[in-house]
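Here are some notes to read alongside the coordinates, written as numbered points. I hope they help as you look through the model.

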Amino acid sequence: TACVPGKYFAQSGQASDVCTPCSAGFFGPSSGMTVCMSCSVGRFQSSPGIPFCLGCPPGKFTPNTKSLSCALCLSGQFHNLTDRVDCIGCQAGRYQPNEGFNSCNACPPGKYTWGTHHTQCKSCDQGQYHNEIERSACILCSIGMFQEQLGSLSCKQCPVGQYTNYSGTINCTVCKVGQYQPMQKMISCISCKSGMYQDQLQ
């Protein structure tokens, strides 16, 4: 009688009716086999005597043949398919802090990642902002604006009596004695007219 799928006849002095289960990491897809087949890359079999191998599920992989199990994708990586031999690094603007996941998370507003394989997002620096998800960089505060905090979603207007004339400002400059600025979000101060004065820093 032929050996059933998942078993084989080793032909090594055994009686003809003795069938041996395929080892874990191998499979026997049909009856009457004299040798078992190795599980291919991306696939595994943890139990003996099985006629098939299983594909590694999303978030797991194996680059080897004869695998008994699949490895978890590392943090900063993912994949969402079966039968994978490797994982994919999270793209710019995304991250994954955990192992064995089938997707990456989008960085929230005020945070970003550049490059790939990130496990966490970085906060926008002072003088920068952004208010969208999945960003690979932050935006410099424009002239007349500032931001002294990390991870901000917006910039602030320079208040009355202050100004800034370059982008990426952390704080605004106070108008000098003899100058004034009655408006917000300005890039310079105004000198007092003849016959007028301003003896205080605004």
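**Notes on cross-links, charges and surface**

1. Let me begin with a charged side chain: Arg-135 has a relative accessibility of 22%, which makes this residue partly exposed. Please keep in mind throughout that this is a predicted model. The partner of Arg-135 is Glu-132, and the closest N and O atoms of this salt bridge are 3.4 Å apart. Glu-132 is also partly exposed, at 42% relative accessible area.

2. Staying with this stretch of chain, Glu-134 makes a salt bridge to Arg-94, with 3.1 Å between the closest N and O atoms. Glu-134 belongs to the loop between β15 and β16, while Arg-94 is in strand β11 (residues 94–95), so this contact ties together parts that lie 40 residues apart in sequence. Glu-134 is partly exposed, its relative accessible area being 33%.

3. How many salt bridges does the structure hold? The count is five. Another one to look at joins the side chains of Asp-83 and Arg-43, at 2.8 Å from N to O. Here too distant parts of the chain are linked: Asp-83 sits in the loop between β9 (77–78) and β10 (88–89), Arg-43 is in strand β5, and 40 residues separate them. Asp-83 is partly exposed with a relative accessible area of 33%, and Arg-43 is partly exposed with 26%.

4. Now to the cysteines. A search of the whole structure turns up eleven disulfides. One of them pairs Cys-3 with Cys-19, with the sulfur atoms 2.0 Å apart. This pair links distant parts of the chain, 16 residues apart: Cys-3 is in the segment before β1 (7–8), and Cys-19 is in the loop between β1 and β2 (20–21). The link of Cys-3 and Cys-19 is left-handed, with -95° about the S-S bond.

5. Are the two ends of that link buried or partly exposed? Cys-3 counts as buried because its relative accessibility is 3%, under the 20% limit. Cys-19, at 25% relative accessibility, counts as partly exposed.

6. A further disulfide joins Cys-39 and Cys-53, whose sulfur atoms are 1.9 Å apart. Cys-39 lies in the loop between β4 (37–38) and β5 (43–44), and Cys-53 in the loop between β5 and β6 (54–55), so the bond ties together parts 14 residues apart in sequence. The torsion about the S-S bond of Cys-39 and Cys-53 is -80°, a left-handed link. Both Cys-39 and Cys-53 are buried.

7. Cys-124 and Cys-138 form a disulfide as well, with 2.0 Å between their sulfur atoms. Cys-124 is placed in the loop between β14 (122–123) and β15 (128–129), and Cys-138 in the loop between β15 and β16 (139–140); the pair links distant parts of the chain, 14 residues apart. Because the torsion about the S-S bond of Cys-124 and Cys-138 is about -80°, this disulfide is left-handed. Both Cys-124 and Cys-138 are buried.

8. Why does Cys-192 have no bond to the closest cysteine sulfur? That sulfur belongs to Cys-175 and is 9.6 Å from the sulfur of Cys-192, too far for a bond. For comparison, the cut-off used for a disulfide is 2.5 Å. Cys-192 is partly exposed, with a relative accessibility of 22%.

9. On the surface, have a look at Ile-143, Tyr-166 and Ile-187. These residues form a nonpolar patch, with about 290 Å² of accessible area together. Tyr-166, one member of the patch, is in the loop between β19 (162–163) and β20 (173–174).

10. My last stop is Thr-34, a residue of the loop between β3 (26–27) and β4. Which residues does Thr-34 touch, not counting those up to four places away in sequence? They are Tyr-8, Phe-9 and Gln-11. Thr-34 is partly exposed, with a relative accessible area of 42%. From Thr-34 to Ile-88, 54 residues apart along the chain, the C-alpha atoms are separated by 39 Å.

How values were computed: Residues numbered from 1 in each chain as written. Predicted model: local features only at pLDDT ≥ 70, side-chain atom pairs only at ≥ 80, totals over all residues. Heavy atoms only, no water. Helix = DSSP H or I, 4+ residues; strand = E, 2+ residues; numbered from the N terminus. Buried < 20%, exposed > 50% of the residue type's maximum accessible area, 1.4 Å probe, protein only. Patch = residues over 30% accessible without salt bridge, like charges linked within 9 Å, V, L, I, M, F, W, Y side chains within 5 Å. Areas by Shrake-Rupley, 256 points an atom, 1.4 Å probe, with all protein chains shown as cover. Salt bridge = Lys/Arg side-chain N within 4 Å of Asp/Glu carboxyl O. Contact = heavy atoms within 4.5 Å.
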